[in-house]
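Please read the following account with the sequence and the model side by side. It starts at the ligand and then moves outward through the protein.

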Amino acid sequence: MTTLADRPARDAIRVEPSESGFGARMTGLDLRKPLPPELLAQVKAAWAAHAVVSFPGQPLSLEELEAFTQQIGPFGEDPFIAPMPGHPNVLELRREPDEKATNFGAGWHSDWSFQQAPPAATLLRSEVVPPVGGDTLFADCMRAYEALSPAFQAMLAPLRAVHSATRAYGTKGVFARETEKRTMQIIVSEEAEKTQAHPLVRTHPVTGRKALFVSPVYTVGIEGMTAKESQAILTFLFGHMTQDEFVYRHRWEKDMLLMWDNRCTVHLAEGGYDGHLRVMHRTTVAGEVPA
Ligand code: SIN
């Protein structure tokens with residue numbers, strides 16, 4: 001049982017928003033122990049307000065990462081990647097110094113958006129951070145949506161975008177064609193060729209804000225449109241939402257936990273650390289059917 005003495009002092013908890021208000025850093029919490037309800041509520045409120053929240057100085061074991069994840073919500077389902085032995089809900093994103101294969105997550109995406117109910121949250125904890133590179137970039141799909149003209153927003157409103165894992169995990173996808181060594185065990189499968197349509201603009205179930213819900217990795221078309229028509233709209237949207245003004249660059253420190261909202265952001269792992277080890281541990285929290 002958590003006693004008062006175990007708890008961090010309330011006034012020591014700080015949420016420091018990044019300058020743009022998208023992304024924040026939260027300090028003063030010890031995530032190795034279960035958070036009492038009022039602190040958990042503060043974490044969830046910061047996450048809703050800032051979409052991407054980092055918690056520096058969190059030397060969590062895998063079990064502690066699992067336990068904190070479950071305080072946020074039930075685990076999501078992670079397909080196409082072998083989980084860590086004995087930890088079916090934890091992925092190790094590991095790249096050895098001698099790996100030449102493109103780093104994992106190198107294209108803009110929202111995690112597993114091809115699922116019927118894609119994950120609400122992803123939690124990523126840094127175990128080994130390279131001395132150069134390895135940043136993760138996030139685009140704010142809410143502000144990107146809000147910056148569109150009312151006429152363009154109205155045109156997007158009824159559209160449903162088609163998502164699929166095929167380009168990455170399909171039998172002819174990027175991982176199937178790769179020849180370079182990769183430490184992570186990727187499971188290429190015909191399952192990846194399935195498609196799932198979602199509203200192109202989704203409404204966040206907590207904040208009520210609308211966000212673009214498309215990405216170059218997983219969005220393969222727009223329902224009812226020709227490939228050329230879909231491509232014209234999607235190419236415009238991908239360029240629009242990943243402009244510098246909507247992007248938060250996350251720089252890692254060792255033992256940092258990052259929690260992001262897949263319902264209103266897309267992200268990209270930048271790479272740039274060839275010759276160095278990078279090790280991260282990742283969990284997901286189940287989400288709802290996008291609406
Ligand atoms: C990912 O989850 O897409 C990878 C993020 C990262 O390794 O920075």
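Around the ligand stand L93, G105, H109, L124, T136, W260, H267, A269, R278 and R282. The model that shows this is a predicted one.

Three of these residues make short polar approaches to the ligand. The side chain of H267 has an N or O atom 3.0 Å from an oxygen atom of the ligand. For R278, the distance between a polar side-chain atom and an oxygen atom of the ligand is 2.8 Å. For R282, the corresponding distance to an oxygen atom of the ligand is 2.7 Å. How much of the ligand does the protein bury? Taken alone, the ligand exposes 260 Å², and 99% of that area is buried by the protein.

The aromatic side chains come next. Searching the whole structure gives 12 aromatic pairs. One of them is formed by F80 and F114, whose ring centres are 5.9 Å apart with 45° between the planes, a tilted arrangement. Where along the chain do F80 and F114 lie? F80 belongs to the loop between α2 (62-72) and β4 (91-95), while F114 belongs to the loop between β4 and β5 (121-128). The two residues are 34 positions apart, and the pair thus links distant parts of the chain. Both rings belong to buried residues: F80 has a relative accessible area of 11%, and F114 has 12%. Burial here is a matter of the cut-off, because a residue counts as buried when its relative accessible area is under 20%. F80 and F114 are also members of one aromatic cluster, together with F104, W112, Y169, F175 and Y218.

Two arginines lie over aromatic faces. R95 is placed over the face of Y273, 5.3 Å from the ring centre. R202 is placed over the face of F213, and its distance from the ring centre is 4.6 Å. R202 itself sits in strand β9, which covers residues 201-203. Is R202 buried or exposed? With a relative accessible area of 2%, R202 is buried. Its side chain also has a polar contact of 3.4 Å with the side chain of E288. R202 is thus in contact with a ring face on F213 and with a polar partner in E288.

The cysteines can be checked in the same way. How many disulfides does the structure hold? The number is 0. A disulfide is a covalent bond between the sulfur atoms of two cysteines. C141 and C264 show why no such bond is assigned between them: the sulfur of C141 has its closest cysteine sulfur in C264, at 7.4 Å, which is too far for a bond. Seen from the other side, the closest cysteine sulfur to that of C264 is the one in C141, again at 7.4 Å. The cut-off for a disulfide is 2.5 Å between the sulfur atoms. Both residues are buried, C141 with a relative accessible area of 1% and C264 with 3%.

Several loop residues complete the picture. Q58 is part of the loop between β3 (52-55) and α2, and it is buried at 2% relative accessible area. The side chain of Q58 reaches the backbone nitrogen of L31, at a distance of 3.0 Å. L35 is in another loop, the one between β2 (24-27) and α1 (37-50). L35 is buried as well, with a relative accessible area of 7%. Its C-alpha atom is separated by 7.9 Å from that of Q71, although the two residues are 36 positions apart along the chain.

Finally, consider the backbone at two residues. Which sign does phi have at A51? A51 has a positive phi of about 70°, although it is not a glycine. A51 lies in the loop between α1 and β3, and its relative accessibility of 1% counts as buried. D255 is likewise not a glycine, and its phi is positive at about 60°. D255 is located in the loop between β12 (247-250) and β13 (257-261). The relative accessible area of D255 is 16%, and this residue is therefore buried.

Key:
Residues numbered from 1 in each chain as written. Predicted model: local features only at pLDDT ≥ 70, side-chain atom pairs only at ≥ 80, totals over all residues. Heavy atoms only, no water. Phe/Tyr/Trp six-rings, centres within 6.5 Å; stacked < 30°, edge-to-face > 60°. Helix = DSSP H or I, 4+ residues; strand = E, 2+ residues; numbered from the N terminus. Buried < 20%, exposed > 50% of the residue type's maximum accessible area, 1.4 Å probe, protein only. Lys NZ or Arg CZ within 6 Å of the ring centre and 35° of its normal. Near = heavy atom within 4 Å. Polar contact = N/O pair within 3.5 Å; in protein donor to acceptor, adjacent residues only side chain to side chain. Areas by Shrake-Rupley, 256 points an atom, 1.4 Å probe, with all protein chains shown as cover.
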